[in-house]
Every structure is written in C-alpha cells, then in structure tokens.
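Reader: Hello! Please give me a close look at one pocket, with its neighbouring elements, and start with how the helices and strands are defined.

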Amino acid sequence: MQLRYGFRTYPSAGQCASLARSFGCARVVFNDALRVREDTRVAGLPFVTSAELSKRLTASKKTPERAWLGEVSSVILQQSLRDLDTAYRNFFDGIKGKRPKTGPPRFKSRRDNRQAIRFTANAGWRITDGGKLRLPKIGDVRVKWSRSLPSVPSTVTVVKDAAGRYFASFVVETDPAADLELMPEADATVGIDLGLTHFAVLSDGRKIDGPRFLRRAEKKLKRAQQALSRKAKGSKNRDKARVKVARAHGRVADARREFHHRLSTELIRENQAVAVEDLAVKGLARTRMAKSVYDAGWSAFVTMLEYKAGRYGRAFQRIGRFEPTSQVCSNCGVKDGPKPLGIRVWTCGACGTVLDRDINAAVNVAKAAGLAASACGAQVGPERVPAQRGEAGTHPEPRPTTAGQTGIALL
C-alpha cells in the first residue's frame, strides 16, 4: 500500500535560491520537451519517444545555452520528462474513456501557484541522523516532523506553494496488515447525507454543522485582495500583497483540510462500513450555491473516507446520485415524490411517520448500500490505495503560451 506523508520544511536563504534554480531547470526541461512534441505533431512527424527526449536533454546540457542545467541534480530533470509522459498518458486515456477527461499538457510558468521537483532513490537523498533532509546540490534542509515515517520512503517531492511555504512529501510502502491492527473492529455502520445547512447528517441521527471556513474569512480576504489591487503591477509591494492573499487562502484551505481529516478519521474509527451518495459537485458548482459548494469540499472529504476505509479495512460504498433518498420513507419504503428544499420535516402518507428530511435521506443511503443489517457480513478486506496527492505534473487550467516559451527546441 502506498501512502504519502507531507511535512513542512524551512530551507535557509541559500537553500531557497538553490530550490528556485531547481524549480526553474525542471520547468525549462518540461517546456522544451513539450515544445519538441508539439512541433513534431504540427509537422505531422512521428511521436517523439521518451528515450529520444532523454538523449536530447543530455546533448542540450553540453551547449552554452543550456549549460546551466548541469547545476542541478539530473534526477529532477529526468523526472520532468516522466511527468510529461504521465500528462500525455492521462490525456489519451481520458479520450479513450479509461479515466476522467483531462486537458492536454500545457506549458509551465514561473508564475504558477505551485512549483515542485521530485527526487527518487537513485538521486542520493536521505534523512540525516539529525532529522534533516539532505538533498543533492541543495543541502541539509530543516524539516518539522509531526510524526514518524512507517518505513523508508521511496521518493520525496519538494513543493513550494503560492504562499511561499515549502513542503516535503514522502511516498512510503506500508504493510496493510500492520495498518489494520491500529483500528479494532467496530459493530456500527453509517450512511452519510452531505449538505450545506449541515455538512453531514448521519443515519444514527447526528448532525454535523458545516464550519464554512471561506464564508467566515471573507472579510479578511476581501481586505487583502483590495490591498493587492491598489499596488502597482510589477512592484515589490505587489509581490508582498500577493503573498498575503495567498497565505490567507492557505489558512482557509488548511483549516478545511484539518476538519475533513478529523471527521473522516472519526467516522472510519467508529463504523465498520460507511456509505455516501455520489454527488454531482460539478453541476452544483454551476448554480448560485457555487461558493458554498466549494467551501464545503465534499469531494475531498469523500476521497479521504474512501482511502482511509481501504487503509484500515473498512467497507466503503457510493450509491448512485439518482437514488431517491429524499423521496422514500425510511420506515415503510413508500415513495412519496419530490419535495421543495424548504420542506425539512414531512409526514409519510402511508404509515404516518414524521420524518426529518436529512436523517431520512441518510438512513436511505445506508439501506441503498445494504448497510441496514449488522456489519458482520460486510466485506472488510483491504484494498490497494495509491498515493493521494499529485506531484510535479501538468496543471488542469489552460494558460496561453508566452513569448519566452516559444521557439524552445534545444532538447
């Protein structure tokens, strides 16, 4: 089972300069390789293979124009070529229907919100006896260890976010059987109905309020954004204001992620089987409730539930989004038809039971997933869980090609 552990790092000023150089070199190699493939596609020539790109990279490092590529570790440059291959593979698999559709690879920019480089085992990086992260041609970087790694990591990705914070993300291989011992077997099962008034309503009657992190921070974010808009473009004060805006958004995202982790871990710990409804988040995000939908972060929460269930041997099920959970009486099973959102409590016309709309939906979610009975018969076998966070790959948002990215064909 692959797991990813992320830790905050605090590089020195010199190490920040070395990391910036590494980010730039990896970005240039990615853009050069993408330009070569785009030029061959336009010319109608065969697709340039990864081996050919690697040869061109080696040759370009011997030219005066690209000699500075030798100042960084060669491993991160090769990883940039692999990231480009992964981006193309995801794009073609999306066209073939093997995975959700993604856009074609795009050129990277030094102004991207996220910069990342990846070191594999053959790069010679290691964790020192003093607890620092030793990276080739960068040095010993101080790491804030919040917990210990379960095994020796296979790769480490150094990430710089929009707020100027640095993180080290480790991929480790763990034994699923060892993880299952950490969480004893539970007797309860739960169905979850996600919403906006309450973030989650459970089939056992509990209602968990939505923290609404973005709504609570709107005033502070508005002031920071106004201060940014008043700064002259290209000035140092504008860069400082941009960092303040990014840090404010980062605090909101961190608080939301912490809430999701705490709640998902609690639900997985207390229940042997968990069921949720497959929500059409993209469709809801096109309505007037878009900001509240994004603030809730349902997709991230459900993803956490799914991989934690696989890691700890719990059963996890998604039911179809067209299941009429709000129209069926959970007591007698009679379908009473759709109801306006303003009706939160209703009485079943068949059995006379007074039903809370959200709790009734959560109970129907559990029943639709077959969790109404005892969890003793539930399938709790562990599943293979991939590492969760994407690494230094392409970005989904399109960006036009800049003047500095055109005509690069030195690889």
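Author: Gladly! Helices are DSSP runs of H or I with at least four residues, strands are runs of E with at least two, and both are numbered from the N terminus. The model is predicted, so local features need pLDDT of at least 70 and side-chain atom pairs pLDDT 80 or more, whereas totals for chains, interfaces and linings use all residues. Residues are numbered from 1 along each chain, and side-chain values use heavy atoms, without hydrogens or water.

A quick example of an element is helix α3, after which glycine 97 takes a positive phi of about 85 degrees.

Now to your pocket, the second largest, with a volume of about 1100 Å³. (A pocket is an open set of points on a 1 Å grid over the protein atoms alone where a 1.4 Å probe fits, with protein on both sides within 12 Å along at least five of seven lines; lining residues have an atom within 4 Å of a point. Points join across faces, edges and corners, and the volume is that of the probe spheres set on them.) Its lining has 39 residues, with Leu194, Gly195, Leu284, Trp298 and Leu341 nearest the centre. Two or more lining residues come from each of β8 (188–194), β9 (198–202), α5 (213–216), α7 (236–270), α9 (290–296) and α11 (357–368).

The loop between α4 (176–180) and β8 holds aspartate 187. Aspartate 187 is exposed (over 50% relative accessible area, 1.4 Å probe, protein chains only), at 68%. Between aspartate 187 and glutamine 272, 85 residues apart in sequence, the C-alpha to C-alpha distance is 6.2 Å.

Key:
Buried < 20%, exposed > 50% of the residue type's maximum accessible area, 1.4 Å probe, protein only.
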